[in-house]
Amino acid sequence: MLEVLLLFGEAVMLFGALGILRFPDVYTRLHAASKCDTGGAMSIILYLVLTMDAPGIVKAKFLVLAFLIAMINPMVSHALARGAYRYGVKPEVVVDMYAWDNP
């Protein structure tokens, strides 16, 4: 039953990798990369915590790692996207809502 977590994590990682290869610009590729990091890695780490035969401190370290991934990954993705926009990389989308807020 817990193998569903592992399969889900692997599927998210696979689709995220495909998104990085297929999406047209930096922003959509960054979106795919952040989703596969957050969703895929957290599912795999949760599977490891629930199934491995290790001391509690090791499991706690994995949970801290999952928490840090959940907290830091969106912030880093946002910072990278903002830096790319300010550097002049224009998105290949029809609607540019960031330009509306920052004229």
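The following paragraphs describe the surroundings of two hydroxyl-bearing residues of helix 2, serine 43 and threonine 38, and then a nonpolar patch on the surface. The model is predicted.

Serine 43 is placed in helix 2, which spans residues 26–51. With a relative accessible area of 8%, serine 43 counts as buried, because this value falls under the 20% limit. The side chain of serine 43 reaches back to the backbone oxygen of glycine 39, at 2.9 Å. When residues up to four places away in sequence are left aside, serine 43 is in contact with Leu5, Phe8 and Gly9.

Threonine 38 is likewise found in helix 2, but its relative accessibility is 22%, and it is therefore classed as partly exposed, a class that lies between 20% and 50%. The side chain of threonine 38 reaches the backbone oxygen of serine 34 at 2.9 Å, and it also makes a polar contact of 2.6 Å with the side chain of asparagine 73. Asparagine 73 appears again, together with Ile69, among the residues that threonine 38 touches once those up to four places away in sequence are not counted. With respect to valine 12, threonine 38 is separated by 26 residues in sequence, while the C-alpha to C-alpha distance between these two residues is 9.2 Å.

On the surface, Val64, Phe67, Leu68, Met71, Ile72, Met75, Val76 and Leu80 make up a nonpolar patch of about 750 Å². One of these residues, leucine 80, lies in helix 3, which comprises residues 56–87.

Key
Residues are numbered from 1 along each chain as its sequence is written. This is a predicted model: local features need pLDDT of at least 70, side-chain atom pairs count only at pLDDT 80 or more; totals for chains, interfaces and linings use all residues. Side-chain values use heavy atoms; hydrogens and water are left out. Helices (H or I, at least four residues) and strands (E, at least two) are DSSP runs, numbered from the N terminus. Buried means under 20% relative accessible area, exposed over 50%, partly exposed in between (1.4 Å probe, protein chains only). A polar contact is a pair of N or O atoms within 3.5 Å; within protein, one must be able to donate a hydrogen and the other to accept it, and residues adjacent in sequence count only if both atoms are side-chain atoms. Contact means heavy atoms within 4.5 Å. Patches are made of residues with over 30% relative accessible area and no salt bridge: like charges are joined within 9 Å, nonpolar side chains (Val, Leu, Ile, Met, Phe, Trp, Tyr) within 5 Å. Accessible areas come from the Shrake-Rupley method with a 1.4 Å probe; for residues, only the protein chains shown count as cover. A salt bridge is a side-chain nitrogen of Lys or Arg within 4 Å of a carboxyl oxygen of Asp or Glu.
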